[in-house]
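Here are a few notes to read alongside the model. I hope they help you find your way around.

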Amino acid sequence: MNVFEHMETALSDLHTAGNYRVFAELERHCSQFPKATFYDDEGETRDVTVWCSNDYLGMGQNPLVTRRMTEIIEKCGAGAGGTRNISGTNHYHVLLERELADLHAKEAALIFTSGYVSNWAALGTLLAKIPGIIVYSDALNHASMIEGIRHSRCQKRLFRHNDPQHLRELMAADDPNAPKLVAFESVYSMDGDIAPIEEICDVADAFGAITYLDEVHAVGMYGPRGGGVAEREGLMDRLTVIEGTLGKAFGVMGGYITGPTVLVDFVRSFASGFIFTTALPPALAAGATASIRYLKESTREREAHQAVVAKVRAALDARGIPHMENPSHIVPVLVGNASKCKWISDVLLSNFGIYVQPINYPTVPVGTERLRITPTPLHSDADIRQLAEAVCSLWSQCALARAVA
């Protein structure tokens with residue numbers, strides 16, 4: 001078999017299993033989120049309501065953010081012009097890093113081109129450059145964290161998901177003098193569950209480990225100033241590193257880490273994923289700064305968002321649609337079959353103008369395929385009714401089990 005035959009076979013297998021990824025071609029409309037235009041394969045268009053965006057609060061279309069980005073494009077131009085080391089550090093990058101450090105009550109911050117890159121580069125660097133370090137990673141950590149750990153080639157231990165006791169057992173079995181790092185998330189994006197941050201920090205402290213918390217699905221969403229779950233629970237000072245994204249609740253693009261000055265400078269100085277890539281455009285940095293500053297002051301979006309999440313859950317419950325109970329804003333509707341999950345998603349889009357991406361293997365285990373619904377404060381009561389009734393109808397057509405009240 002030549003290489004192209006191998007590729008064709010692998011892609012065919014994805015189609016057969018119902019796991020082939022199809023990208024929905026959308027055109028977002030400023031000031032009309034969550035509405036968008038969908039382009040099909042024939043170039044035809046239809047209006048749709050997006051129910052799976054990570055722009056959780058609609059800040060990507062907030063006038064304060066878009067105006068600020070427009071201002072900075074007109075002032076500084078489109079791109080950064082280079083890497084951060086060679087002509088690419090713009091004044092607005094520095095302002096953003098100061099804002100992020102303040103958000104998480106840390107000494108310093110460093111921005112990257114995405115949340116994926118910030119995890120890969122920061123973890124990969126810390127774990128590769130500190131001699132003898134052992135990393136303890138939650139079993140359900142994001143692919144970006146896994147890749148950073150794998151890239152480092154350090155000793156690693158997987159602890160059972162959200163299980164501080166198992167973490168304690170693993171740490172107790174290792175050399176007490178070895179440096180240690182515990183890596184975990186606050187909100188896990190596929191199940192929507194939240195880590196027991198305080199208990200994990202207790203274990204880490206008992207063994208002298210540094211802690212690395214991924215808050216990408218929580219920043220902007222929780223806490224009095226949008227600092228995430230750690231801020232909401234008064235635990236930011238217990239975390240050595242807090243990592244986040246600018247591309248979800250803040251509505252722009254980019255990733256970052258915050259932490260002690262020496263650690264941030266260490267990553268800045270040794271991380272190839274930071275050193276050798278072009279810096280974020282200044283307009284993105286300025287837009288993210290405007291979004292962060294706004295959400296530090298305004299709680300209206302977070303409060304409205306939680307109210308809409310509750311309405312969506314109630315509408316699904318009323319129709320017996322099973323969804324995973326969790327304390328976060330993510331509503332995973334369990335289908336449990338890859339082909340049916342994709343079919344429901346396709347029909348929602350084609351017949352009802354509702355876009356919800358199917359989540360299949362390898363993102364989630366086989367048998368746990370789902371529709372990952374992410375309500376926003378801009379979804380109306382009519383949108384919620386339409387979603388719940390459409391899913392209810394298709395649930396019956398697929399002969400899927402209903403939740404028992």
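**Notes on Lys-35 and two spaces**

1. Lys-35 is found in strand 2 (residues 35-39), where strands are DSSP runs of E with at least two residues and helices are runs of H or I with at least four, numbered from the N terminus. Please keep in mind that this is a predicted model, with local features needing pLDDT of at least 70 and side-chain atom pairs pLDDT 80 or more, while totals for chains, interfaces and linings use all residues. Residues are numbered from 1 along each chain as its sequence is written, and side-chain values use heavy atoms, without hydrogens and water.

2. Which side chains make a polar contact with the side chain of Lys-35? Thr-49 does so at 2.8 Å, and Asp-383 at 2.8 Å. (A polar contact is a pair of N or O atoms within 3.5 Å; within protein, one must be able to donate a hydrogen and the other to accept it, and residues adjacent in sequence count only if both atoms are side-chain atoms.)

3. The C-alpha atoms of Lys-35 and Leu-378 are separated by 9.6 Å, with these positions 343 residues apart along the chain counted as their separation. Leu-378 is also among the residues nearest the centre of the second largest pocket, which has 15 lining residues. A pocket is an open set of points on a 1 Å grid over the protein atoms alone, with protein on both sides within 12 Å along at least five of seven lines; lining residues have an atom within 4 Å of a point.

4. Helix 13 (residues 300-318) gives the largest share of that pocket's lining, 3 residues.

Definitions and conventions
1 Å grid on protein atoms, 1.4 Å probe; cavity = no way out; pocket = protein on both sides within 12 Å on 5 of 7 lines; lining within 4 Å.
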